[in-house]
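Subject: Structure for you to look at

Hello,

Here is the structure I promised to pass on. Please open it first, then read my notes below.

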Amino acid sequence: METPSQDPWRAFAYVVSGVAVYGFAGWGLDQWWGTDFMVAIGIVVGAALGIYLTWKAFTPPDPTDNDKFLNQ
């Protein structure tokens with residue numbers, strides 16, 4: 001199993017890209033629907049997903065997960 005990389009720029013990129021992509025999607029929905037709150041929801045959702053991806057990327061794998069696949 002590969003150990004996760006501990007690159008802080010990777011974590012920063014996950015969060016910033018999540019905010020940018022989902023914020024832009026929220027802005028697009030605001031323009032389409034004529035609302036003014038979807039950009040804020042997109043930014044919050046993007047930040048949450050970026051933090052989740054960072055957590056998944058930096059968490060070491062569980063060694064007991066391999067046993068489940070080997071014993072089948």
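**What I found**

Tyr 22 lies in helix α1. Keep in mind that this is a predicted model.

Start with the two helices. Helix α1 covers residues 8-33, and helix α2 covers residues 38-58. They pack at an angle of about 155°. Their axes are 7 Å apart. Angles over 145 degrees count as roughly antiparallel, so α1 is roughly antiparallel to α2. The crossing of the two, α1 and α2, is right-handed.

What kinds of residues make the contact of α1 with α2? There are 18 nonpolar, seven polar and two charged ones.

Now turn to the surface. Tyr 22 belongs to a nonpolar patch there, together with Val 21, Phe 37, Ile 41, Val 45 and Leu 49. The patch has an area of about 510 Å². Which elements give two or more residues to the nonpolar patch? They are α1 and α2. The largest share comes from α2, with three residues.

Best wishes

How values were computed:
Residues are numbered from 1 along each chain as its sequence is written. This is a predicted model: local features need pLDDT of at least 70, side-chain atom pairs count only at pLDDT 80 or more; totals for chains, interfaces and linings use all residues. Side-chain values use heavy atoms; hydrogens and water are left out. Axes are lines fitted to C-alpha atoms, for helices over the stretch in contact, and angles run from 0 to 180 degrees between N-to-C directions. Helices (H or I, at least four residues) and strands (E, at least two) are DSSP runs, numbered from the N terminus. Angles under 35 degrees count as roughly parallel, over 145 as roughly antiparallel, 65 to 115 as roughly perpendicular and the rest as oblique. A crossing is left-handed if the near helix is turned anticlockwise from the far one by less than a right angle, and right-handed if clockwise. Ala, Val, Leu, Ile, Met, Phe, Trp, Tyr, Cys and Pro count as nonpolar, Asp, Glu, Lys and Arg as charged, and the others, Gly among them, as polar. Patches are made of residues with over 30% relative accessible area and no salt bridge: like charges are joined within 9 Å, nonpolar side chains (Val, Leu, Ile, Met, Phe, Trp, Tyr) within 5 Å. Accessible areas come from the Shrake-Rupley method with a 1.4 Å probe; for residues, only the protein chains shown count as cover. A salt bridge is a side-chain nitrogen of Lys or Arg within 4 Å of a carboxyl oxygen of Asp or Glu.
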